[in-house]
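Reader: I would like to learn how to read a model of this kind, feature by feature. Could each general idea come before its case?

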Amino acid sequence: MTQRLQPGTIAMLVAAPLLWAGNAVVGRALHALISPSALNFIRWLLAFALLLPLAWRVLRPGSTLWPHWRRYALLGLFGIGSYNALQYLALQTSTPLNVTLVGSGMPVWMLIVGALFFGVPATRRQIAGVLLSVAGVLLVLSRGSWQQLLALRLVPGDLYMVLATISWAFYSWLLVRTTEPRDLRGDWAAFLMAQMVFGLGWSGAFAGVEWSLGQAQAHWGWPLAAGLAFIAIGPAVLAYRFWGAGVQRAGPVMGGFFINLTPLFAAVLSAAFLGERPQLYHAAAFALIVGGIVVSSRRA
């Protein structure tokens, strides 16, 4: 038996991966123009300014946000600060297709994090699916060569993306474990702003560390401005809106299945705009990952 989803929920869970695939492609295109943490911080600063007219009331001293500030500080850390900074860092040395394929192991981490930290045990079928998905992720990390994996000659960006994926698993489970008032949770702009105000602080702190290490850079011009405009509006505001609503309706594990659309979109966009063609091992890895998700999402 599988979970039946409404068309609106499906549309939101498809739109988010499409926008995030665009985020990976644009992030790769901008990697020589701006450093990763600076890109993440400016992205969220612009998104904050865009959302402020819709959700400024949530920042008032008497807002229902502040009694729950610890929860939103964690959401901001895992979803806005850590995940995005690690993804842009990964794109410095890896391709959008590889980054999104490694991210396709998301349901694996959803199950592990849910079992270890949220008291939701995994079934045998889910464990079998996890093993298939792990094989797919390892295939990407090894570039199709198991000898390379055994020799630990891995691209650093792929490992950063594994950490980013674990961070996103925590974020998604926190989304469905809610204690805040309905007036805050029911207003998507206020809910995103509550995360963003803390996430902006985390991303600013990471950018500060990058600057202190002498690694911050930005080469301003129309390419960088256009890229920032896209990732601030689409992947930052709209995709987070779609993902948050979709995960609340479908659950984090089922939502993780739709994340696997991201590499498909990334492959098309990368080929169209970056000239980066997918390899045979990419297709094999995707088949393993999706096979694992299908197995784990079915109930005995």
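Reader: Let me start with one residue: does Leu13 count as buried or exposed, and at what relative accessibility?

Author: The model is a predicted one, in which local features need pLDDT of at least 70 and side-chain atom pairs count only at pLDDT 80 or more, while totals for chains, interfaces and linings use all residues. Residues are numbered from 1 along each chain as its sequence is written, and side-chain values use heavy atoms, with hydrogens and water left out. Buried means under 20% relative accessible area, exposed over 50%, and partly exposed in between, with a 1.4 Å probe and protein chains only. Leu13 has 0% relative accessibility and therefore counts as buried. Leu13 belongs to helix H1, residues 7-29, and its C-alpha atom is 9.1 Å from that of Ala250, although 237 residues separate the two along the chain.

Reader: How many helices and strands make up the chain as a whole?

Author: Helices (H or I, at least four residues) and strands (E, at least two) are DSSP runs, numbered from the N terminus. By that reading the protein chain has 14 helices and zero strands. Of its 300 residues, 52% count as buried. Its accessible surface, calculated by the Shrake-Rupley method with a 1.4 Å probe and, for residues, with only the protein chains shown counting as cover, comes to about 13600 Å², and carbon and sulfur atoms own 69% of this.

Reader: What share of the contacts with a separation of 6 or more comes from residues 24 or more positions apart?

Author: Contact means heavy atoms within 4.5 Å. In this protein chain, residues 24 or more positions apart supply 88% of the contacts with a separation of 6 or more. Leu54, in helix H2 (residues 36-55), offers a case: leaving out neighbours within four places in sequence, Leu54 is in contact with Trp188 and Ala189. The C-alpha atoms of Leu54 and Trp188 are separated by 9.7 Å, with their positions 134 residues apart along the chain. Leu54 nevertheless counts as exposed, because its relative accessibility is 54%.

Reader: At what angle do H3 and helix H10 pack, and how far apart are their axes?

Author: Two packed helices are described by the angle between their axes and the distance between the axes. Axes are lines fitted to C-alpha atoms, for helices over the stretch in contact, and angles run from 0 to 180 degrees between N-to-C directions. H3 and helix H10 (residues 188-212) pack at about 55 degrees with axes 7 Å apart. Angles under 35 degrees count as roughly parallel, over 145 as roughly antiparallel, 65 to 115 as roughly perpendicular and the rest as oblique, and H3 and H10 are therefore oblique to each other. A crossing is left-handed if the near helix is turned anticlockwise from the far one by less than a right angle, and right-handed if clockwise; H3 passes H10 in a right-handed crossing.

Reader: What is the angle between H1 and H11?

Author: H1 and H11 pack at about 150 degrees, with their axes 8 Å apart. That angle makes H1 roughly antiparallel to H11, and their crossing is left-handed.

Reader: Which residues carry the contact between H8 and H11?

Author: Helix H8 (residues 156-176) and helix H11 (residues 222-250) cross at roughly 60 degrees, their axes coming within 9 Å. The contact is made by Trp168, Tyr171, Ser172, Leu175 and Val176 of H8 together with Tyr240, Trp243, Gly244, Val247 and Gln248 of H11. Ser172 is buried because its relative accessible area is 0%. Beyond residues up to four places away in sequence, Ser172 touches Met110, Trp243, Val247 and Pro252.

Reader: Which side chain does that of Ser172 join in a polar contact?

Author: A polar contact is a pair of N or O atoms within 3.5 Å; within protein, one must be able to donate a hydrogen and the other to accept it, and residues adjacent in sequence count only if both atoms are side-chain atoms. The side chain of Ser172 is joined to that of Trp243 by such a contact of 3.5 Å. Another, of 2.9 Å, joins the side chains of Ser94 and Asp158. Ser94 sits in the loop between helix H3 (69-90) and helix H4 (96-103), and counts as buried because its relative accessibility is 1%. H4 itself is mostly covered, with eight of its eight residues buried.
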